[in-house]
Amino acid sequence: MVHDSPSKPISAWKGKGKLTNHDYDDLRPTITYRHILSQNLGVRDPLRVIALCDSDAFYAACERVRLGLDPSAPLVVQQWESLIAVSYPARKYGISRMDKIKDAKKKCPNLVAVHVATYKEGEREPGYWEDIDTRTHKVSLDLYRRESSKIINIMKQSVPSGEIEKASIDEAFLDLSRPVRERLLERYPYLAKLPDDAPEGADSPLPPPPPIDWSQLGELIPLTAQGEESEPQDEISYENDHLTSWHDVALSIGAELIAKLREEIFRQLGYTMSAGIARNKFLAKLCASYKKPNSQSILRNDAIPSYLRPMPFQKIRFLGGKLGDALAKEYDVSTVGDLLTVSLDEMQNKFGENAVWVYELLRGIDASEVKERTALFKSMLASKNLPKPITTLDDGQHWIRVLAAELALRLNDAREEVPTLWPKTIVLHARKGYETSRSKQAAFPFTKDVSVDVIASAGNKLWKELMGNATNVNVTIVQLAFTGIETSETGQQSIDAFFKTKDVQRQPLKRARDNNEELSPTRSDSDNREKKERSWTSFVCDRCQTRFALRDDQLDWSDDEQSRALATLQQEHQDFHFAQDLENGSLPQKTGSSSRPASKRGRGAEPRGIAKFFGKK
């Protein structure tokens, strides 16, 4: 028996200092029969294969397919006067999302400009109208949400034994480790049986792998960077198996799966995708943009050093901002390769003991898991940030009907996949200027068919209760939402059981407002404002008990955009706590865990080490 393949010497890289062979010492682990036969495929699995699939210019692609346009047509998607998507053919004219629509048309006279669909009163579904006006219409991203769900469903059908994590409306991670393992054992059945003469039993290394023909599998990121001097053995070879490892074989099988998946998505839906395939999420996302559009890139372990070294390290997540500035200033560096010359001891002396986290990230080490997210929503929100405030009660009913159309469409779409899905509560929020928003809620009645009329009727009732006979309306933000969205349990006998709640939840609603009461916060409202903040546009950190909310201008965004903005806000704040945990040594010790437990440091303590470079948002 021999090692899966001999270790390849890594050439010293000339930078601020001299790199050693230990900078990337985990690229060729010994893969044994125990590894290949294990059913526990965790983040430390040496045969792990992760892919990131990214839809190319997704919003623009959806509109191109909807309109039946030629793929070469330059197209942009606009929202009012701004661009939210630019197709790749349009980008050849120098058009970007930073352009206004009039400037984009100057750059490309034959540009196809499509305004995103909008809701308007009297229509049950969003449409592409001639007379769109931000004062009377509301943006809809429902088309893109629906197409995104179709893509995810094709992924699930194509790799049923894989794990899929929807990262955003146009991106998804796939853990292909299990389906790759299944095919690996099918193609090389001799790996499934431990040889009688295995010198170390199950811990004996696998025999040498077969050669791989990469020519039809995508863009192979080279083993050496452009302009980097290399030894003869560093050159890429498709036939010479001395460069091949069993993880390379696993990556090649993963590339086959992703190629078939991309072909199927294009065949069924007409969308092209770019993909990155590597050993972890960090590297897969990084190499997905290596060559776009409509391509897939494969990052073998041996290519990781040359791929990362020239990269500006401040473009890497977590290594930008204040921490990136501090690293650049302290060591006079700009690239990953520059930082690799800084020893772990030196980095820890300056930035704290847990700077080992930065040290590992620079070497392409990432133990985060691919976690499938539930398709069910706990709430649905339709919101409008009004350029012209509502000044009459009738104007309010106009917008409630527009918002009701969005909720009806989204709930019906969700019920097509889960017929027993139903919201327990409908909630109306309204804000007067910069004052704290006021809200009313009520149980949402169960009906056989969800219609705009049913939702608008419930919303109008809440609007009348919330306004009363107020003479000074002046509402600048109005929101209608479903909360408590759940599914009925199997075997449930009646719909009544579905709406049963605990006694503590059966409290009567607050007293009705006096007829002469205006839309303004009362003392009791002020006392309870933290409890009444909208959970879908704000969050309370369970560690420091601080509330964070979206900006007013973000409340008019689509649900997907609001969700991503809130997720970014949460992630930034979690990064702050994560950095504190790094410094305090309170991160989990268990290998591969991605959780971030609460810091033992008191809330008022000043952050130290890496933590001080993460601003508390």
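Two strands pair if DSSP finds at least two bridges between them. With that in mind, open the model, which is a predicted one.

**Stop 1: the three-stranded sheet**

Select strand 2 (residues 75-79) together with strand 4; the two run parallel and are joined by four bridges. To see one of these pairs, pick Leu75, whose bridge partner in strand 4 is Val112. Now add strand 3. The three strands form an open sheet with the order 3-2-4 and mixed pairing. Strand 3 (82-86) and strand 4 (112-115) are at the edges with a single partner strand each, so each has one side without a neighbour in the sheet. From one strand to the next, the twist averages 35°.

Next, show helix 2 (residues 58-67). Helix 2 lies across strand 2, strand 3 and strand 4, and runs at about 110° to strand 2.

**Stop 2: Tyr144 and the nonpolar cores**

Select Tyr144 and display what surrounds it. Leaving aside neighbours within four places in sequence, Tyr144 is in contact with Phe58, Tyr59, Cys62, Glu63, Val77, Val116 and Ile169.

Tyr144 also belongs to the largest nonpolar core, which has 58 residues. Tyr144 is listed with Tyr59, Val77, Met155, Leu184, Trp246 and Ile265 as the residues with the most contacts inside that core. Which helix gives this core its largest share? Select helix 7 (residues 246-269): eleven residues of the core come from there, the largest share. Another core lies apart from this one and has 45 residues, including Tyr307, Leu308, Leu319 and Val358. In soluble globular proteins, nonpolar side chains tend to be buried together.

**Stop 3: the six-stranded sheet**

Move to the open sheet formed by six strands in the order 7-8-1-10-11-9, again with mixed pairing. At its edges are strand 7 (163-168) and strand 9 (219-220), each pairing on one side only. Bring in helix 5 (residues 142-158), which lies across strand 1, strand 7, strand 8 (171-175) and strand 10. Relative to strand 7, helix 5 runs at about 160°.

**Stop 4: strand 10**

Select strand 10 (residues 273-278). Is this strand buried or exposed? Six of its six residues are buried, which means strand 10 is largely enclosed by the rest of the structure. Colour the residues by the way they point: Met273, Ala275 and Ile277 go one way, Ser274, Gly276 and Ala278 the other, and all are buried.

Then look at what pairs with strand 10. Strand 1 does so in the antiparallel sense, over six bridges, and Leu52 stands opposite Gly276. Strand 11 (residues 296-298) runs parallel to strand 10, joined by three bridges; Ala275 has Gln296 as its bridge partner there. Add helix 8 (residues 281-288) to the selection: with strand 10 and strand 11, helix 8 makes a left-handed β-α-β unit.

**Stop 5: Ser55**

Finish on strand 1 (residues 50-55), where Ser55 is placed. How is Ser55 classed, buried or exposed? Ser55 is buried because its relative accessible area is 4%, and buried means under 20%. Beyond its neighbours within four places in sequence, Ser55 is in contact with Ile151, Asp170, Thr272 and Met273. Met273 takes you back to strand 10, where it points the same way as Ala275 and Ile277.

How values were computed. Residues numbered from 1 in each chain as written. Predicted model: local features only at pLDDT ≥ 70, side-chain atom pairs only at ≥ 80, totals over all residues. Heavy atoms only, no water. Buried < 20%, exposed > 50% of the residue type's maximum accessible area, 1.4 Å probe, protein only. Contact = heavy atoms within 4.5 Å. Core = buried A, V, L, I, M, F, W, Y, C linked by side-chain atoms within 4.5 Å. Right-handed = clockwise from strand over helix to strand, strands pointing away. Axes fitted to C-alpha atoms, helices over the stretch in contact; angles between N-to-C directions.
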